[in-house]
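Subject: Structure handover

Hello,

Here is the structure you will be working with. Please open it next to this email and follow along.

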Number of protein chains: 4
Amino acid sequence: MVAEQTLTDQYLRVRAHSEAICEGLETEDYVVQPVADVSPPKWHLGHTTWFWETFVLVPNAPGYQLFHDDFSYVFNSYYETVGKRVLRTDRGNLSRPTVAGVYQYRAYVDEHMSRFLDGYEAMPADLLALIELGLNHEQQHQELLIYDIKYILGHNPLLPAVAMPMVTRQEARFLSAPANPPAVVPEGVYTVGYQPSDNPDGQSFHFDNEETAHKVYLNQTTLAGDLVTNAEYMKFINAGGYQNFRHWLADGWAWVNTNGIQAPLYWHQIDGTWWQYTFDGLAPVDPNAPVCHVSQYEADAYARWKGTRLPTEFEWEAAATLATGTPLRWGMRWEWTNSAYLPYPGFVTAEGAVGEYNGKFMSGQIVLRGASVATPDGHSRPTYRNFFQPDKRWPFTGIRLVNL
Amino acid sequence: MVAEQTLTDQYLRVRAHSEAICEGLETEDYVVQPVADVSPPKWHLGHTTWFWETFVLVPNAPGYQLFHDDFSYVFNSYYETVGKRVLRTDRGNLSRPTVAGVYQYRAYVDEHMSRFLDGYEAMPADLLALIELGLNHEQQHQELLIYDIKYILGHNPLLPAVAMPMVTRQEARFLSAPANPPAVVPEGVYTVGYQPSDNPDGQSFHFDNEETAHKVYLNQTTLAGDLVTNAEYMKFINAGGYQNFRHWLADGWAWVNTNGIQAPLYWHQIDGTWWQYTFDGLAPVDPNAPVCHVSQYEADAYARWKGTRLPTEFEWEAAATLATGTPLRWGMRWEWTNSAYLPYPGFVTAEGAVGEYNGKFMSGQIVLRGASVATPDGHSRPTYRNFFQPDKRWPFTGIRLVNL
Amino acid sequence: MVAEQTLTDQYLRVRAHSEAICEGLETEDYVVQPVADVSPPKWHLGHTTWFWETFVLVPNAPGYQLFHDDFSYVFNSYYETVGKRVLRTDRGNLSRPTVAGVYQYRAYVDEHMSRFLDGYEAMPADLLALIELGLNHEQQHQELLIYDIKYILGHNPLLPAVAMPMVTRQEARFLSAPANPPAVVPEGVYTVGYQPSDNPDGQSFHFDNEETAHKVYLNQTTLAGDLVTNAEYMKFINAGGYQNFRHWLADGWAWVNTNGIQAPLYWHQIDGTWWQYTFDGLAPVDPNAPVCHVSQYEADAYARWKGTRLPTEFEWEAAATLATGTPLRWGMRWEWTNSAYLPYPGFVTAEGAVGEYNGKFMSGQIVLRGASVATPDGHSRPTYRNFFQPDKRWPFTGIRLVNL
Amino acid sequence: MVAEQTLTDQYLRVRAHSEAICEGLETEDYVVQPVADVSPPKWHLGHTTWFWETFVLVPNAPGYQLFHDDFSYVFNSYYETVGKRVLRTDRGNLSRPTVAGVYQYRAYVDEHMSRFLDGYEAMPADLLALIELGLNHEQQHQELLIYDIKYILGHNPLLPAVAMPMVTRQEARFLSAPANPPAVVPEGVYTVGYQPSDNPDGQSFHFDNEETAHKVYLNQTTLAGDLVTNAEYMKFINAGGYQNFRHWLADGWAWVNTNGIQAPLYWHQIDGTWWQYTFDGLAPVDPNAPVCHVSQYEADAYARWKGTRLPTEFEWEAAATLATGTPLRWGMRWEWTNSAYLPYPGFVTAEGAVGEYNGKFMSGQIVLRGASVATPDGHSRPTYRNFFQPDKRWPFTGIRLVNL
């Protein structure tokens, strides 16, 4: 539960974080869309603002005037309910509204939102839930912003560096931590999914896809204490892993060959040495860091090559919430599972536009668990279900193996 | 367990059934490939023969001479291990080998196989397992043959009829059966997957993907006793189901719009009445028959529109093997579940080419349970896991709902 | 002018030639369409028959009954006027009508046509013109039949031989002829295009695109007496011609790289030697034969590499009809010019479906002059304008250079 | 001949004009590439600068230091000779170099060029020719800049206005001019192509594709005095011109249907009235202005619908240079001809990178004659051969008919 007295502060803190992520950008960096998956940063800044305007201010703040009539067309994303949206691949064609215009839009909406939030002594529960959803929605786009900025600059021939302290600090913190023991999940029945009792402090936000909590039966499993490192992954490359169909799912093998994949995203081999694009520019691959920017196809192939497999999302959740022994330590990379993204028993899609949030994507995607160095503080929990198609690797993804 | 004394007979009976399916075809019907998923009938007849030649005769029958050097190139399918294969979409370009040549190939291999099988008094277990796999492989292609023949003729502007007694007889038999009660699965732990104890009579064949049997925890669920009928599905169409995004998964909605989908495959609306292509030619849609040739997207959308959902593969298996109450009656349509096709705990991919059989497809596909009127006798069981991508509808697919 | 007394004979002789071309085929060879440009042989046999039925019998033969209602849908080609046509790339999906059915269709139409033609003592001029167009239309498809049969068998992994005596005889006849002197075209004004005075014997057929005869001014030019040979072309290959962008038009260079072109169509390098598919099966490339199956891009690149160029269509026509000196000898390969296929002054598109014949293709295509060993007897003249897109090479195309 | 004493001034004036065109842009407008044909404005500014650096300064200015090593990779266009170029469709992904960086690049090169040009008292002829080519190259990109800016803003949902005085002034000047009489070209032999004698004042610049001047024979032809107006073109639309295949070339009809074309580019029908995007924003279509932004397919279809045709490039040139009577008045729209873009007799491709300039595009393109309101002053003459593929309509194209 978000404490009511601080809701405006909380709102403004989240909003400021979106802008902090973009602090190092040039105006031009806000505009381009090199591939369909990557949105222009100014689109994220506009879209998150449109969310507040459309779902909070317009229906709830009497007399609120839209900042600009056309913005709802430009900044809508997937919401079929709310008017015609800009096709995802067209976003990078839009030079207007300008970046300055988008920041004005943000300032305008923030001012109205502050006034709106300040106006409540006790906010009705359904409105509060909507505010919390909006904050979490904006946090999700903060993480996407980091992915997209990395992609835009990492695919520019100048390979420019950009300040991204929130990520580099986290990466360094994790790298300095000691090794972790494996997590042993004993055979038995486990309850998975979000339960109010998980949150004795009353923090109750969670997405609809984490419900309903339900029981699953698990065989005994041991999850590795640490993620697969770059050094380990290079052995797979050097062993010809990308050239041998035996390690790959059929879809993965087609993906490797169609796209000429030979290494994780952002890796470049120069005179026999592997380099990778980072926010500090091109740097040698750190052998001790967990491998990053791999697809589920690559994660699965690596696991098969090692004679083991990826965990399921329920094995992961059980390992992360072990009652006895040492639970998993996580948070550095989004960890690919071998679970398809499907509804939990009792899942019900909410009515209206907000109901389009998660449920309709429950087809063709894979669950990732944990969090990454790009995840905003406070936007993670053991029941969180992230999801991407198995070929995606511009998120900060990594590999945790089952120890057979 | 296949009784050793009858192995040759069994082999010849399965082989004859493949040819019986094609009895009504013209030579030209054997050759075409209207879309990538549909293989030319002569390819199925050649490929199944190539399987026996390549995996049984060549390694095990001393002195065996290949029928033709180039056939292994032409009739290989997915097996990356065994030489370069004809790209799937190229199959329909091959006028040679002729249909007569393929039948000669079958006769040649059948003669050598008969002699080979007759030569054993007691066949070693691993060889026997391979023979059983070959028989089941051929049966799978028998069902695909029926799908593909229907597609080829059902997409010809002359809409020609073709004799297919094995299907029409089964369809009539099912349609004359009485209604079935719902199957109630009580909450609890169930064992799913193939177990030797399932087969008191010793018949032990099953695919690798049915292993390892393991426990799952299920909430109480009730599955409808009967499949959704054409009459019920027409209500969905008439209610604008194909025009309302709210009922659809995002991938499904994109599929509907990209392909202009408005009804099940083979349906044509003529002067306000729905007709469908059948093996007897164009016929009015039978309101009482279970809807057929729908994708999982359509099955899922129908279920949402009805306010319910598709069962998982484990709910289905539990309902089909109920210890108390009336188990499901099934076998008319392959029933879409809402389970992704993923490995069971302990699943291990076999070494060698036969190991490419199932495991590498465990990505992006959906499990179907049951069997259809096109399934050969003896090629079904409650633990059988069929799988297709969710947009496929040329198999004989249908819809069973969960009763909420 | 076709002599009236022999019109039925002439008709039947042309019709029989279409079937003679197909004599060596298996039923399966009639059905497939490996690429969009190549039509199934049975389609050509049906389409030419449909032409007679649709444009001659239906409007002119009272009481004529269509052979089959659906055939006009199946066998229409480009004629937008006459109902919905089968999309060109769908032709290879049609197993029905069967080959036998198409031959029955031919026999039926031939019988009615014979009776129809026999019924005239003096045929009206416009009907006679339509009959002549039909005969020439069928001859055009005879040549395409030969191209398409070669493509179908030449892209089958078995590379089967097929009897095609009308082509192999012509090829041999030309190869035994002596070398030819260059043809010198003096500077001046020339009249090009079809003129009645060209045909003192009264044979007047020509296509609309050969009209109106008009004057052009030509600089002095010399055309090579002989076509570029395989031996000469191999020097271009060996000199890295396909790897050096300098020789190529921008569109040609993109075509080479997109399609991985390294040699003429049907050429295969095996252990350092060049082989080519012929109607007798795979054979070593004959160094003395004129190169065949090259695109205009290749012809143009070869010419640039030799420091010269291709002739224009008017230079060619002047050289082929020289009043003084030795005119060109031609007829072995269709000779790529560097002229775009555009209307002559005064060209007028005829009304009705027959008017769709040529004019609407006058965009994006290149004129070829002469004839080839696949051209039916009597279907060539110095004013004939053949045309294909510059990337096409399944016709029997060759290269004649300008001598600079 | 460019007078030597003013070469630096001339250079700086041309360079300043490129920047003047962009004066009204926001930074973001410089970056996007909505379709492959449209380059980001900053790319044009960089590419023209790269031309001076690469072809003039690097080989001729001793001690010249490249502004930035990577810029030659980023700003190369079609020149295969000079290193690997950025694929044309990737240009819109490049947020860096920034717009400010590109302007610094321009300033740096301008400074070095000024010093370099000032250093010559008498410039060698070949170097002077290269400078003139560079100036004309930059002028060509100035016109493309105007096209591309219009496309970028005209496809933005906000339809923003932008100052473009050089265009709007020209448009107004032309619209205020009186009607023009038709131009009658008598039958006879004409010399076409660039001849030194055309330029008594010694101004000799022309592109290689205007050579060699040669004789052509023309029938008598009359060209309309004025271009087809919007009012006239609307009649074609209202008569169902876009729905009737009879008016269209086969390629044009496919283009209309594939792209859903229903009107010229930038036209929008709102409540039954036609509006068009202009540099002043959305405005009603002016019935008296010449139609603009039509493809050659549209121009050709309009002409057929009117029962006439487009002129050839030689008819146009003869009409523009009539010795007797009133020559054509032209310059408002690029006028589509019905001539393919092909080499003149004696055309020779120059050696080296500059030789890639024109010759390699002589395939698949159509000649346009005249000039448009977007053409820089001094960059037009009666022998100028502009060229585009027949489907292009983002240039300022129009229609002049032959009067039959």
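Start with how the copies are arranged. A turn of 180° lays chain A on chain B, with a shift of 0.0 Å along the axis and an RMSD of 0.0 Å. That is the relation of a two-fold axis. The contact surface is shared too: 100% of the contact residues of chain A recur in chain B. Keep in mind that this is a predicted model.

Now take chain D and chain A. Chain D superposes on chain A by a rotation of 180°, with 0.0 Å of shift along the axis and an RMSD of 0.0 Å. Which residue of chain D comes closest to that rotation axis? It is Glu28(D), with its C-alpha at 3.0 Å. Here again the same surface serves both copies, and 100% of the contact residues of chain D recur in chain A.

Some chains do not meet. Chain A and chain C do not touch, and their nearest C-alpha atoms are 15 Å apart. Chain B and chain D do not touch either, with their nearest C-alpha atoms 15 Å apart.

**The interface of chain D and chain A**

The size of an interface is often given as the accessible area lost when the parts come together. Chain D and chain A bury about 2,300 Å² between them. Carbon and sulfur atoms account for 62% of that area. Which residues of chain D lose the most area to chain A? They are Glu28(D), Arg96(D) and Leu158(D), which together make up 30% of what that side buries. Glu28(D) is thus a name to remember, as the residue of chain D that comes closest to the rotation axis.

The contact takes 27 residues from chain D and 28 residues from chain A. Polar contacts join 8 residue pairs between the two chains. The rule also finds 2 salt bridges across this interface. In one of them, Arg96(D) pairs with Asp29(A), and the closest N and O atoms are 2.6 Å apart.

Look next at the side of chain D that touches chain A. Helix 3 (71–75), helix 4 (99–118) and helix 5 (125–154) of chain D each supply at least two residues to it. By type, that side has 14 nonpolar, 8 polar and 5 charged residues.

**Salt bridges**

How many salt bridges does a search of the whole structure find? The total is 68 over all chains.

Begin with Arg333(A). This residue forms a salt bridge with Glu171(A), with the closest N and O atoms 2.9 Å apart. Arg333(A) lies in the loop between helix 10 (313–320) and strand 8 (334–340) of chain A, while Glu171(A) is in helix 6 (residues 165–175), so the pair ties together parts that are 162 residues apart in sequence. Are the partners buried or exposed? Arg333(A) is buried, at a relative accessible area of 2%. Glu171(A) is buried as well, at 18%.

Turn to chain C. Arg333(C) and Glu171(C) meet in a salt bridge through their side chains, at 2.9 Å from N to O. Arg333(C) is in the loop between helix 10 and strand 8 (334–340) of chain C and Glu171(C) is in helix 6 (residues 165–175), so this pair ties together parts 162 residues apart in sequence. Arg333(C) is buried, with a relative accessible area of 3%. Glu171(C) is buried at 19%.

In chain D, look at Glu315(D) and Arg309(D). Their salt bridge has its closest N and O atoms 3.0 Å apart. Glu315(D) is buried, with a relative accessible area of 8%. Arg309(D) counts as partly exposed, at 28%.

Salt bridges can also share partners. Such bridges join Arg15(A), Glu19(A), Arg106(A), Asp110(A) and Glu138(A) into one network.

**A buried glutamate**

Last stop: Glu317(C). This residue is found in helix 10 (residues 313–320) of chain C. Glu317(C) is buried, with a relative accessible area of 4%. What does its side chain reach at 2.9 Å? The backbone nitrogen of Gly193(C). Leaving aside neighbours within four places in sequence, Glu317(C) is in contact with Val192(C), Gly193(C), Tyr344(C), Arg369(C), Pro382(C) and Thr383(C).

Best wishes

Methods
Residues are numbered from 1 along each chain as its sequence is written. Chains are lettered from A and ligands numbered from 1 in the order in which they are written. This is a predicted model: local features need pLDDT of at least 70, side-chain atom pairs count only at pLDDT 80 or more; totals for chains, interfaces and linings use all residues. Side-chain values use heavy atoms; hydrogens and water are left out. Contact means heavy atoms within 4.5 Å. Buried area is the accessible area (1.4 Å probe) that two parts lose on being put together, summed over both. A salt bridge is a side-chain nitrogen of Lys or Arg within 4 Å of a carboxyl oxygen of Asp or Glu. A polar contact is a pair of N or O atoms within 3.5 Å; within protein, one must be able to donate a hydrogen and the other to accept it, and residues adjacent in sequence count only if both atoms are side-chain atoms. Helices (H or I, at least four residues) and strands (E, at least two) are DSSP runs, numbered from the N terminus. Ala, Val, Leu, Ile, Met, Phe, Trp, Tyr, Cys and Pro count as nonpolar, Asp, Glu, Lys and Arg as charged, and the others, Gly among them, as polar. Copies are superposed by least squares on the C-alpha atoms of residues with pLDDT of at least 70 in both. Buried means under 20% relative accessible area, exposed over 50%, partly exposed in between (1.4 Å probe, protein chains only).
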